[in-house]
Amino acid sequence: MVEKICFVGAGSMAESIISGILHNQFLMSSQIVATNKNNQERLEEMQHRYDINVTTDRKYAIDGADIIMLATKPYDIVDAINQVKAHVKPNQLIISVVAGIATGFISERLGENVPVVRAMPNTSASIGFSATAITAGENAGAADLELAESLFKTIGLTTIVDEGDMHTVTGISGSGPAYFYYLVEAMEKAALKAGLDNAVAIQLITQTIIGAGEMLKHSGDPASVLREKITSPGGTTQAAIETLEANDFQQTVMDCVESARIRSIELGEKWK
């Protein structure tokens, strides 16, 4: 049972997870504390928005926490570990949502055989629809993985993967929502250019993307079959798909996933 969780880092990912935890009543706001490097204004914003505890006192933040969530930017991870390592106890579970950073890197610097679990959620956590992959570090046991899984299940779907797959997960589901938002931006621009009312366009596009997701989830058909079912020969959808094919749409998407995967690897290599 989790009595207290400490977030080291108070950026967008930490906020999404906190919002999801509170929305799904996994913990009360009084059981959550957030700390960051030195941005007091951001901490006060989080306190005002979610009624959580905030502090720049690392010892106070970590003391008694069952879970310590490392949620910094990759380039801040070394400083974050150095600031908390003196206060971490072996019975506390470290969960890192820092992109590209291996569990071994964190374990070596914390010492004390502290269990570390690595997770890659996405910002849809804030409404309980994250797709989160988790993996256990060398010192993390089945109970640690189960605890991490129970936490992330409150904010969406959770799956356990090998740590070697986490870079790919980052490119697929970690960064994935941004790809869809970028597509929606383009569809909105096209609708406006054609003269459609902005509010109507947004409503239709939003429901279209929700409906497509639900079809993928519930129909039992793969994406290729669902696409073919609505692509009538010589029809409007075929004309649209031919334009996508002419612009090498699928390869572009594959390249963007690969770029994110490579960047995740680079971030990890930098801190070996």
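In this predicted model, helix H9 is followed by Gly220, a residue whose phi is positive, near 85°. The helix that precedes Gly220 comprises residues 198-218, a run of 21 residues, and it reaches 30 Å from its first C-alpha to its last, close to the 30 Å expected at 1.5 Å a residue. At the N-terminal end of H9 the cap is provided by Asp197, from which a side-chain oxygen lies 3.1 Å from the backbone nitrogen of Ala199.

Further along the chain, the loop between helix H10 (223-229) and helix H11 (236-246) contains Thr231. The side chain of Thr231 reaches back to Arg227, where the backbone oxygen is found at 2.6 Å. When residues up to four places away in sequence are not counted, Thr231 touches Thr237, Gln238 and Ile241.

Helix H7 takes part in contacts with H12 and with H8. The axes of H7 (residues 166-174) and H12 (residues 249-270) come within 8 Å and cross at roughly 135°, and H7 is therefore oblique to H12. The crossing in which H7 passes H12 is right-handed. On the H7 side the contact is made by His167, Thr168, Thr170, Gly171 and Ile172, and on the H12 side by Val257, Ala260, Arg261, Ser264 and Ile265. Classified by residue type, the contact of H7 with H12 has 4 nonpolar, 5 polar and 1 charged residues.

With helix H8 (residues 176-193), H7 packs at an angle of about 30°, the two axes being 5 Å apart. Here Gly171, Ile172, Ser173 and Gly174 of H7 are in contact with Gly176, Pro177 and Tyr179 of H8. The residues of this contact of H7 with H8 divide into 3 nonpolar, 4 polar and no charged. Gly171 and Ile172 of H7 thus appear in the contact with H12 and also in the contact with H8.

Towards the start of the chain, helix H1 (residues 12-23) and helix H2 (residues 40-50) pack with their axes 12 Å apart and at an angle of about 15°; because of this angle, H1 is roughly parallel to H2. The crossing of H1 and H2 is right-handed. In H1 the participating residues are Ser12, Glu15, Ile18, Ser19 and Leu22, which meet Arg42, Met46, Arg49 and Tyr50 in H2. An α-helix has 3.6 residues a turn, so residues three or four places apart point the same way. By class, the contact of H1 with H2 consists of 4 nonpolar, 2 polar and 3 charged residues.

Note on methods
Residues numbered from 1 in each chain as written. Predicted model: local features only at pLDDT ≥ 70, side-chain atom pairs only at ≥ 80, totals over all residues. Heavy atoms only, no water. Axes fitted to C-alpha atoms, helices over the stretch in contact; angles between N-to-C directions. Helix = DSSP H or I, 4+ residues; strand = E, 2+ residues; numbered from the N terminus. Parallel < 35°, antiparallel > 145°, perpendicular 65-115°, else oblique. Left-handed = near helix turned anticlockwise from the far one by under 90°. Contact = heavy atoms within 4.5 Å. Nonpolar A, V, L, I, M, F, W, Y, C, P; charged D, E, K, R; others polar. Expected span 1.5 Å × (residues − 1). Polar contact = N/O pair within 3.5 Å; in protein donor to acceptor, adjacent residues only side chain to side chain.
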